[in-house]
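Let's take a walk through this protein together. Keep the 3D view open and turn it as you read.

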Amino acid sequence: MSGRELFSSLLLFYKNKTMMTPQEQIADFTNQSLEGTDCFLIDFKIKPTNNYKIFIDSDTGFTLEKAIAINRKIRRMAEEAGLYPEGDYSLEVSSPGLEAPLKLYRQFVKNIGRKLEITLNDESADGLVGTLIEVKETTIIVEETSTKKNKKEMSTPVQTEIAFDDIKSALVCIEF
């Protein structure tokens, strides 16, 4: 690459970075903060008051220490970029919580062996409750123990393969 091409590339990169809105920059900083970690972004919400809520999960468990480290990285990048010189923004980094539905493939993989309550897109179907046995590229296999409407245990568990596209929501069942 010649010096002129390199300069053009850097200029284009600089223009693109400076043309980004503060919200786009915070999203970019979030992605940069997750690089090289076992953490991944689940959801990113922005309130009109510059309140950023960033929901992250991890393949090995999302701890308070991980949340603090990611929050600090994003804040440092925002300060270095001079995004909010008056500090008029807030940043919350957390896990989506136990009551949040699984959204991403990685979340399903992480929860193999756990009991799920699944609602299907086809509202006429009862949905099901069962243990997540396997996660494939486009489907999951659940060992069904009951339907959502009929919570009685089935006499013989049945393995059911469900396409991701057919899942409206999947919640991890909390068992004590």
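Start with helix 2 (residues 22–34) and helix 3 (residues 64–81), whose axes come within 9 Å and cross at roughly 135 degrees. Axes here are lines fitted to C-alpha atoms over the stretch in contact, with angles from 0 to 180 degrees between N-to-C directions. Helices (H or I, at least four residues) and strands (E, at least two) are DSSP runs, numbered from the N terminus. So helix 2 is oblique to helix 3, oblique being what is left after under 35 degrees (roughly parallel), over 145 (roughly antiparallel) and 65 to 115 (roughly perpendicular).

Which residues of helix 2 and helix 3 make the contact? Helix 2 brings Ile26, Phe29, Thr30, Gln32, Ser33 and Leu34, while helix 3 offers Ile70, Lys73, Ile74, Met77, Ala78 and Ala81. Contact means heavy atoms within 4.5 Å.

By the way, this is a predicted model: local features need pLDDT of at least 70, side-chain atom pairs count only at pLDDT 80 or more, and totals for chains, interfaces and linings use all residues. Residues are numbered from 1 along each chain as its sequence is written, and side-chain values use heavy atoms, leaving out hydrogens and water.

Now hop over to Ser169, found in strand 8 (residues 167–172). Glu117 is 52 residues apart from Ser169 along the chain, yet their C-alpha atoms are separated by 8.2 Å. Not counting residues up to four places away in sequence, Ser169 touches Pro101, Glu117, Ile118 and Thr119.
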